[in-house]
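Welcome, and thank you for taking a look. Please open the sequence and the 3D view side by side, and let us walk through them together.

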Amino acid sequence: MIAFGCVALGAVLLMLLSAMPKVRMEHCSLFAFVTLLIGLILTLASFGELFTFFPLPKFFHKMVIVDSYSVYFDAIILSGALVTSLIGTHYFQAKRHFKKEFFSLFLFSVSGMMLLVHASELLSAFIALEIASLSLYVMIGFQKVHDKRVEASFQYLVLGSLAGIFFLLGSAFVYAGLGTTILGEMGNRLDTLMGKDVSLVTIGATLILATFLFKISAFPFQNWTIDVYDGSSLPVSAFMAATFKVAIFGFILRLMLVDFDPIRDTWDTLFIVVIIATLLYGSFLAIIQKSLKRMLAASSIVHTGYLLIAFVSIGYAGESAASSIIYYLVAYFLSAMGAFGLISYIAADEHVRVTYEDFRGFAHVHPYMAAMLSVFMLSLAGIPSTIGFVGKFYIFTGAIEAGYTFLAVCGVVATFVSVYYYFKLIALMYFYPACDSDWKDVPSLKGITPLTIGLIAVAIIWGGIGNTFIAYFPGVDFLIDTARLSYMSLFIK
Amino acid sequence: MGVLSWIIFLPMAVAFVLLILPVGAKATRNGAFGVSLVIFALAFYVHEHFALSAQMQFYEQYDWIKSYGITYRVGVDGFSLIVLMLIATLLPSAYLLLWHNERSKSYWISMLFIQSGISGTLFSLDLFLFYFFWEAMLLPVFMIIGLFGSGNRVFSTLKITVYTIMGSLFMFVSILYLGVAHYYEFGAWSFALSDLVRISTLTPMNQTFLFAGFMIAFAIKIPLFPFHSWLLETYSTSPTGGVFLLSSIMAKLGVYALVRFTMPLFPDLFVAYARFFIGLGIFGLIYFGIAAIVQDNIKKMLAYSSASHLGLISAGVFSLNLQGLTGSAFLIVAHAIATGGLFLLVGVMQRHLGIRPLSALGGIAKRAPWFSVYFAVMLFCTVGIPGTNGFVAELLIVLGIFHYNPYLGILAALTVLVAASYMFWVFQKAILVQSGNDVSQMRDLSFHEIVGLFPLAFLIVAMGVYPDFFLAKITPTLQYYLDTILHVGGKV
C-alpha cells in the first residue's frame, strides 16, 4: 500500500513538475522510472510472506485490502511498468511528439492498476479501473501525428466506457441482491442466501463479468483489440497487453474466488463457449494478419483464451488453477513485453514498417535481435525450454485436473495453430537472404533498452529450465510457491 | 553428474561456447567432430560397464520442478544401450562424410544441439523430461532444413514443424492426463515413468484416448501410414545432414519411444492392438515400397524405402515375441546404418553431380569405385542379403510375425523381398551400367569419407556374421519387457 502511495504521489508530483518549462522530457522519464523503482522495492520488501489486513480501517473502511495476493500482483504490475519505461526509453526519445505529461499519465495508470488489485469493494474497484483506463485512453491517443492513434483512442474510449457502465449496473444489482458491495461480506451473505433465489446477484455478477471479458478482450468483446493495439504506440500496446491484463485478472480472480464462489457454476457453460470462441476466433485473426503488431494483438486474444481455461478450472482445481493463472500471467507478461519491446526498438524510426515481409532475412543483418525475437516467439508458442511452455503446462494440467480435458485439447489445438504464425516470423528472419537496404535505420544494440530486452530473453529461458540446481536463485518453483502463497492469503479470515 | 548427463549436455555446452566464440565454420566443425568422438568414448564406457541385466543402469535423478514432482531422471537399459551405441557410432561417420559439404558455422552448431536432444530423448525416464527433449530436438532440425535446404525449403520446414508439433501436443495432453491421474490416485504429483505405470484408475475408454495421443506423436515421427505426408517434401528439400538425422536417427527414436513408453504405460492396449499395428506396418511396407519404385529421384526413393522398412520395424515391435522384438531392435540398428550411409553417399554424389533424376545417372562405378563398393554394401544391407545385418534382422522379424500369426508372417516374408528388390534395379541403372549420360563430374570418395564409412560397412558385415555378440546385452531387457510388462512370455 505504501508502494501505491508512492506511485500515486509520484504521479501528482510529476504532473505539477511537467508544467515547468525547465523540466525536460528526460527528467520526467527518469522521475517516473525512479518512482516505479522505489515502489517495486517497497513491494518486494513484503513479497513472499503470508498476511492480510485492511489498512487504516477507520479511514478507508474496508475499501482497500493489503494481502500477499495483492502484493504479488503489485510486484508484477510494477515490474511491467518498469520494463515498459525501460524499453520505451529509446522509443520515447526517438519520437519527439511525446510530451512530458505522458509520464504523469503513465504513473496514474499504474497507480490505478495497483489500486484495482487492492480493491476490496466494488466501487473502489470501479474508481481504480477508471483511473487506469482513462489514463490509457489518453496515452493511446498521445502521438497525434497519426490519425489512427486518435481513432484507436476514441474507439477504446467509447467501447471502454460502455463496458464500464456494465460494471456499474452490475454493482447496483449486486447491491440490490446482497445489500453490500464489500468483498468478503458479499461472499458471506451469498452463503446465507444459498438455496433461495439469487438471480439478482447472478445478473449483477454476469454484468461485471462482461466488463471483465471486455477488458481482457475475450470473445465476443474482442473486436476493439486489434485496432486499438495497432493504433497505439508500441510501448503503450505492450503496457496494455501485458500489465493491464494482469491487473484486471488480479481483481476478477479475487472477486470470483472469494465472493461469487457459491454461484460460479452458473457460468460454466457460458465460459466454455466463450473460451472455445475466443481461441478459435483469436487464432483465425492471428493467422490472417500481415503486420506483426496486429498479429501480436490478435494472439493476445488467444492467450486470453488460455487464461480463461484456467479460470474456469478454478471451480474444481482451485489452488493449482489459480496459481497457474498467476504463473501464466507472468509468462505471458515476459514474452509479450519482450516481443513488443523489441519491435518498438526496431521500429523506433518511423520509416521502418513492421510487417512479416519486412523481417525477411533480418537474422543475417541483426543476429542478436533476431535471436531474441525468436526466443519471444518460441515462448509465446509454448515450446519447451521457455517459460511459455511451463505456463501452458500448468494451465492444461489444471484443466485436466478439473475434469476439463476437452478444454485442454482445445487449448492444445490453438497452440498448434499458433506454431504457424509464430514460426512464420522465425522462418522469414532466418531462411531468406538479407535485403540489407531496409535495415539501415535500425539502431545498433546500445543503451538500456536492448539490455532490458536481453534480460527478459534470459529470464524467459531461465523460467523454462530454471530449477533447484542453483540454490537461492528464484526459479520455476519459487514462482509457483509464491503464487500459491498469494492464493492462500485470499482465504485468511 | 554421471556419464549419461555428460553425454546429454556436453554437445550443448560446446555448442554454446562455439556460438559465442568468434570461430569460423572449420573450427566449429572440428569441434563438433571432436565432441562426437568424446561421446563415442563415453558411450563405449557405458557399454563396457553395462551389467548383463534388464535393470535401468547409470541411473541419475535430480529434482527439477518440485511442486509438480517433475524430476530429471535418466538411465539406460539394454534397448537404449543399443540405440546409444548406434548414435555414437553414426555421428562421427556422418561428420566425416559431411566434412566438405557444409561451410556454415550454424550448421555444425545445430548438429551439436541435435545430438544433445537425441541423447536426452533416449535417456529420459520422466515423461515431462522426455517431452522436453522430444520437442526441443525439433528446433535445430527446423534450422538445418530451413537454412540449408533446397527447393521450397521454407514451406516444407513449416510443414514438418507444424506436423510434428501437432503430434507431440496430443502426446503432451496424454502425459498431463497421466500426471493428473497419478495425483488423484496417489495424492502426489509425479511424471516419472516408473510411477505412472502404477496408475490403475483409468477406464478402458480413457486408456484408448491416451494411447492414441502417444501413438499419433510416434506415428508421425516414424512415419507410419497414414501420417507420412510430410516425408517426401522434407526429405527432398533437406540438406544431406538433415535427411540423415531424420531418417536414421529420429525415425528410430520414434520406434524406441514407442517401446519405452507406450509398452509399459498401456500394456493391455499394446497387446490388444498388436494385430492392427502389424497390419499397418506391413501395409506401410508394401505401400511405401511401391511408392519407392516409381520415384525418379534417388533421394525420394530412399525416403520411401526407409519408410517402408520402418513399417517392418513397427510390425516387429508389435509381434509380441522375442524374435520379433529382437529383430526390430536389430533392424533399427541395421537400417539406421545402411540408410544413413546411403543418404550420406547420395549427398556426396549430389555435391559432385547436382540433383539429378535417376535417368540422368549411370556408369558411376567406373569413375568412383570406392563409392560404388560402399554403396553396394549399404544397399545389400537394406535389401537383406545374407551375410549382412539386414538379413538377420529381417529374418528375425518375419519369424516373429510368423510366430504371432502365420498368415501375416507369410505376407511379411513375401513383401520383404519384393519391396526391396527394386533397389537392385536402381543400383544397376544408376551405378553400374554405362548409359551415355555425362557423369564426368563425379569423383571418388575422399580419404575422410572412406574412413568415415568404414565403421558402418564393418558393422554391417560383423553384425550379419556374428549377431550374438551384439544381441547379448539387449536380450535380457527385451525378455523382461515381454515377461514382466506385457505378460506374454515368449522364448527364443
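What follows goes from the overall form of one chain to a core, a contact between chains and a single helix.

This is a predicted model, in which local features need pLDDT of at least 70 and side-chain atom pairs count only at pLDDT 80 or more, while totals for chains, interfaces and linings use all residues. Residues are numbered from 1 along each chain as its sequence is written, and chains are lettered from A and ligands numbered from 1 in the order in which they are written.

Let us start with chain A. It has 20 helices and 2 strands; helices (H or I, at least four residues) and strands (E, at least two) are DSSP runs, numbered from the N terminus. Its C-alpha atoms fill a box of roughly 70 × 55 × 50 Å along the principal axes. The radius of gyration of chain A is 22 Å, which agrees with the value near 23 Å for a compact globule of 493 residues; it is taken over C-alpha atoms, and the globule rule is 2.2 Å times the number of residues to the power 0.38. Of the 493 residues of chain A, 60% count as buried, meaning that 20 or more other C-beta atoms, placed from the backbone, lie within 10 Å of a residue's own.

Next comes the largest nonpolar core, a set of buried Ala, Val, Leu, Ile, Met, Phe, Trp, Tyr and Cys residues joined through C-beta atoms within 7 Å. Among its 391 residues, L116(A), A247(A), I325(A) and Y328(A) touch the most other members. Helix 14 (residues 318–346) of chain A gives the most to this core, with 20 residues.

Now look at where the chains meet. The contact takes 26 residues from chain A and 29 residues from chain B, where two residues are in contact if their C-beta atoms, placed from the backbone, lie within 7 Å. On the side of chain B that touches chain A, helix 7 of chain B gives the largest share, 16 residues.

Finally, find helix 1 (residues 3–20) of chain B, which has 18 residues and reaches 26 Å from its first C-alpha to its last. A kink of about 35° lies at F9(B), shortly before the proline P11(B); the bend is the angle between axes fitted to the seven residues ending there and the seven starting there. Buried residues of helix 1 of chain B include L4(B), I7(B) and L18(B). The buried residues of this helix pack against helix 2 (25–48), strand 1, strand 2 (70–76) and helix 4 (105–123) of chain B.

Definitions and conventions: Buried ≥ 20, exposed ≤ 12 C-beta atoms within 10 Å, placed from the backbone. Expected span 1.5 Å × (residues − 1).
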